[in-house]
Amino acid sequence: MLGKLLKYDFRSMWKQFSVIWPAALILAFINRFTVFGIHNPGGSVFGEWMGVVSMGLFGGVCFTMVILSAVFVLTRFYKGLLGDEGYLMHTLPVTRTSQFFTHFLSGFGLLTAGNLLIFLLSALAMMPSGSVDWAALGLWLLVTELLELFFLSLGTLCAMATGWLLAIPVLYGAANCIVLLVCVVVQFLQRWFYFGFESTTFPMAVIWLTPIARLSTAVCGYADVLVPREGEEVYLRVLPEGGMTSLLVYTIVGLALLALGWLLYRRRPSEAAGDAIAFRWLRPIVRWTVGLCGGLGLGPVSYTHLTLPTKLEV
C-alpha cells in the first residue's frame, strides 16, 4: 500500500510541474546563447534586445515556479491530510504513519530529482572547458539537500499544528523569524528606557533560533579563494569556516522536527480540519505568544507613527 501511495503522489505532483519545468529548461538553453549580447558592447541591438527578453522571461518563469511550488505544497498538505481527501485516506487500511511519510518522501523526492537534474546539467556545462569540478558540484548537492530537509521538516511541523490552509505560511514565517523580531523590538525599547544603550548586533542564541539568519551567513555566504587550475588562478567558492557544522546541527534539528510532526499527526483529531490551531493545549501558547509579540511591537510602531512630522518643513 505504501508503494501505491507513493506512486499516486508522484503522479499527482508530476502533472503540476510537467509544463513549467520544460519551459524553464528551454529558456535556460536560449539564455546560453543570448546572454552574451547584454555584455558585448560591440554586439548588435537585436542581440542585446534578445538577451534582455530571454533573461526577463527566464526570471519570470523562475518566479512563477517559486509561487506555484509554495501554492502546491500548501494545497497538497491541505487536500491530502486536512481536507476531504484526508478523510478518505483515513477510511483506507493505511496507517497514519504511512500517510505522513508518503507525502513527505514524495515531496522530498521531487526536490531531489530537480537537484540531480541541476547537478547533471552543471556537469555537462563544465565539460567543454575540459574539466568538471565534481567536488564543488557534490558539495552544492549535499548542502542543498540538507537545507531542503530542514526547511521541509519545519514546514511539515507547521502544517501538522494547524488545520487551516492560510495558517500554514503564517506559522512557517513566524517559526523562521519570530525570535529575531522580538529581539529587535526589545532592543528598540531598551534604547528608550536605558540611557546610553546602543546595540547593533544580536546574541548568538537569537541567531541560532532564526534559521534564515544563521544559514544565510554560515552556508550561503560563500568565501572566494584563488586556486591554481590549468596554469591559471581562478576563483573557487567554498563554505565559510564552521558552515558545515552549522548545517549538520540544523539537519539534526530538522529530523527532530520531522519526528515531532509525525507524533502530532498521529494524535491530531480528524475533526480539527478548518481550525487555526489543531490542538487545544497549543491554543493558549499561540494566544499568549501573539499577544506578547503584538503588545511589544504595537507600542514602538504607534510611537514612531505618531511622532513623525505631519508636514514638510521648508
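A residue counts as exposed when its relative accessible area is over 50%, and as buried when that value is under 20%. These legends use those words for close-up views of a predicted model.

**View 1. Phenylalanine 279 and tryptophan 281 form a tilted ring pair.** Tryptophan 281 counts as exposed because its relative accessibility is 53%, and the cut-off for exposed is over 50%. Its partner, phenylalanine 279, is buried at 6% relative accessibility.

**View 2. Two phenylalanines stack within helix H6.** The structure has 10 aromatic pairs by the rule used here. One of them joins phenylalanine 104 and phenylalanine 108, with 6.3 Å from centre to centre and 5 degrees between the planes. These two residues are four apart in helix H6, so about one helical turn separates them. An α-helix has 3.6 residues a turn, so residues three or four places apart point the same way. Are phenylalanine 104 and phenylalanine 108 buried or exposed? Both are buried.

**View 3. Ring pairs build a cluster around four aromatic residues.** Look for Phe100, Phe101, Trp262 and Tyr265, which are linked by ring pairs. Tyrosine 265 also has arginine 96 over its face, 5.3 Å from the ring centre.

**View 4. Arginine 283 and aspartate 275 meet in a salt bridge.** Side chains of opposite charge can pair when their charged atoms come close. Here the N to O distance is 3.6 Å. How many salt bridges does a search of the whole structure find? It finds one. Arginine 283 is partly exposed, at 26% relative accessibility, and aspartate 275 is partly exposed too, with a relative accessible area of 28%.

**View 5. A nonpolar patch lies on the surface.** About 580 Å² of surface is made by Leu25, Leu117, Leu121, Leu124, Met127 and Trp134. Which helix gives the most to this patch? Helix H6, residues 96-126, does so with three residues. Leucine 121 is found in H6 and is partly exposed, with a relative accessible area of 41%.

**View 6. Helix H8 has a kink centred on cysteine 177.** The helix covers residues 167-193, and the kink is about 60 degrees. Buried residues in H8 include Asn176, Leu180 and Cys183.

**View 7. Leucine 292 and valine 182 are 110 residues apart along the chain.** In space, 9.3 Å separates their C-alpha atoms. Leucine 292 has its place in helix H12, residues 283-307. This leucine 292 is exposed, with a relative accessible area of 54%.

How values were computed:
Residues numbered from 1 in each chain as written. Predicted model: local features only at pLDDT ≥ 70, side-chain atom pairs only at ≥ 80, totals over all residues. Heavy atoms only, no water. Patch = residues over 30% accessible without salt bridge, like charges linked within 9 Å, V, L, I, M, F, W, Y side chains within 5 Å. Areas by Shrake-Rupley, 256 points an atom, 1.4 Å probe, with all protein chains shown as cover. Salt bridge = Lys/Arg side-chain N within 4 Å of Asp/Glu carboxyl O. Buried < 20%, exposed > 50% of the residue type's maximum accessible area, 1.4 Å probe, protein only. Bend = angle between axes of the 7 residues up to and from the residue. Phe/Tyr/Trp six-rings, centres within 6.5 Å; stacked < 30°, edge-to-face > 60°. Lys NZ or Arg CZ within 6 Å of the ring centre and 35° of its normal.
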